[in-house]
Amino acid sequence: MKTYNVGIIGATGMVGQRFATLLENHPWFKVVTLAASSRSAGKTYKEAVGNRWAMKADMPKSMENMIIMDASDVKSVAKTVDFVFCAVDMPKDEIKKLEEAYAKEECPVVSNNSAHRFTDDVPMIVPEINAEHSEIIKSQRKRLGTKKGFIAVKSNCSLQSYVPALHPLMEYGITKVLACTYQAISGAGKTFETWPEMVDNLIPYIGGEEEKSEKEPLKLWGKIEGDKIVSASSPQITTQCLRVPVSDGHTAAVFVSFDKKPSIDEIKKKWADFKGEAQRLELPSAPKQFLHYFEEDNRPQIKSERNLENGMAVSIGRLREDSQYDYKFVCMSHNTLRGAAGGAVLLAELLAKQGYMD
């Protein structure tokens with residue numbers, strides 16, 4: 001596999017920092033450019049981040065003295081790279097314009113942002129679930145008038161905690177889903193130092209999160225029709241999303257009903273046997289075993305399971321029958337690894353392997 005020169009747009013924020021640490025020794029991707037707002041432009045990465053470095057791992061030595069470029073100077077940034085990862089903190093309409101500007105400069109964008117998730121011809125991909133949605137890139141390039149440039153996005157971080165567990169069960173005709181998510185503070189770009197009011201606290205509201213958690217799975221399970229991705233019409237999904245005093249790791253309590261109710265053993269076998277395109281292609285960031293089921297009553301737990309398979313696996317437990325739905329179970333995934341930067345790196349690996357970065 002060839003090596004690609006890549007940039008991180010929004011490098012100083014928490015997800016940008018996570019991209020930096022994940023890409024430090026990546027076998028295919030070499031970070032050559034870091035970009036952020038005009039406030040950071042012209043400073044070294046170390047100076048620009050200052051005391052806001054939020055990762056447990058140190059800032060990569062190879063990036064410490066890189067001079068931050070101005071993310072809005074699209075032409076200059078695009079010239080230096082084969083593609084960019086985007087994790088900017090801006091209003092949605094500004095993100096849309098910025099990402100399209102990069103795509104039109106023939107610079108593919110793999111975005112962690114939500115701005116383009118419901119643009120008809122922008123694929124929103126979890127590589128184990130809907131790798132084939134990358135085919136819509138042809139239509140998007142036609143609309144943008146580009147040969148190489150395009151935008152692809154990863155889904156919301158909360159979905160990664162429960163949609164992967166539902167996906168292998170779709171053949172039994174899932175009719176309705178209730179998911180309550182308990183989401184870590186890093187999902188808001190915060191640490192306990194920067195958000196002390198979250199210590200010993202729970203906030204029963206995350207703006208826009210429930211709508212994303214109910215709508216986005218239907219796009220993942222949708223089909224390409226002509227020049228757009230048409231979302232699936234079922235199953236019915238309702239969610240409730242809470243912010244909890246956890247640093248990293250989103251947990252979901254899931255309730256599900258089926259058309260053709262499988263047995264508990266059948267469900268566990270589907271989870272154990274499941275492999276997606278990421279595993280088939282042996283992508284560098286892909287977990288060997290995507291879904292891990294734990295028989296113990298008190299697992300999965302955040303502390304013991306969030307870093308499973310480098311934080312890229314999904315942990316499941318407590319599968320049992322329910323009085324209102326057919327079954328209920330608990331899921332957990334690392335929200336800034338599988339759910340954010342790690343999921344975007346895996347998506348970029350998929351697109352590179354499929355030839356879209358060339």
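In this predicted model, the sulfur of C157 lies 9.3 Å from the closest cysteine sulfur, which belongs to C241, and this is too far for a bond. A disulfide is a covalent bond between the sulfur atoms of two cysteines, and the cut-off applied here for such a pair is 2.5 Å. C241 is in no disulfide either, since the nearest cysteine sulfur, that of C180, is 8.4 Å away. A search of the whole structure accordingly returns zero disulfides. Both cysteines are nevertheless hidden from solvent by the accessibility criterion: C157 is buried with a relative accessible area of 14%, and C241 is buried with a value of 0%.

The sheets come next. One of them is an open sheet of six strands in the order 3-2-1-4-5-6, with parallel pairing. Its edges are strand 3 (69-70) and strand 6 (151-153), each of which pairs on one side only. Strand 1 (residues 4-9) is largely enclosed by the rest of the structure, because five of its six residues are buried. Strand 1 pairs with strand 2 (residues 29-36) in the parallel sense over six bridges. For readers following the register in the structure, Y4 has F29 of strand 2 as its bridge partner, while V6 stands opposite V31 in strand 2. Helix 1 (residues 14-23) lies across strand 1, strand 2 and strand 4 (83-86), and its direction makes an angle of about 160° with strand 1.

Another open sheet also contains six strands, here in the order 10-7-11-14-13-12, and its pairing is mixed. Strand 10 (236-243) and strand 12 (291-294) are the edge strands, each pairing on one side only. On average, neighbouring strands of this sheet are turned by 20° against each other, with direction ignored. At the strand 12 edge, the pairing with strand 13 (residues 314-321) is parallel and covers four bridges; L291 has V314 of strand 13 as its bridge partner. Helix 9 (residues 209-220) lies across strand 7 (174-183) and strand 10, running at about 145° to strand 10.

The nonpolar packing can be described next. In soluble globular proteins, nonpolar side chains tend to be buried together. In this model, the largest nonpolar core holds 53 residues, and the members that touch the most others are I9, Y102, L166, W271 and F329. Apart from this core lies another one of 46 residues, which includes L34, I68, A341 and L347. The surroundings of F329 are worth a visit in the viewer: leaving aside residues up to four places away in sequence, F329 touches A165, L166, A252, A253, V254, V256, W271, I316, G317, R318, L319 and R320.

A polar site completes the picture. D121 sits in the loop between strand 5 (109-111) and helix 6 (127-130). The residue D121 is buried, because its relative accessible area of 6% falls under the 20% limit. Its side chain is joined to that of R143 by a polar contact of 2.6 Å. With residues up to four places away in sequence left out, D121 touches I136, S139, Q140, R143 and D227. R143 is thus both a polar partner of D121 and one of the residues that D121 touches.

Conventions: Residues numbered from 1 in each chain as written. Predicted model: local features only at pLDDT ≥ 70, side-chain atom pairs only at ≥ 80, totals over all residues. Heavy atoms only, no water. Core = buried A, V, L, I, M, F, W, Y, C linked by side-chain atoms within 4.5 Å. Buried < 20%, exposed > 50% of the residue type's maximum accessible area, 1.4 Å probe, protein only. Contact = heavy atoms within 4.5 Å. Helix = DSSP H or I, 4+ residues; strand = E, 2+ residues; numbered from the N terminus. Polar contact = N/O pair within 3.5 Å; in protein donor to acceptor, adjacent residues only side chain to side chain. Pairing = 2+ DSSP bridges. Axes fitted to C-alpha atoms, helices over the stretch in contact; angles between N-to-C directions.
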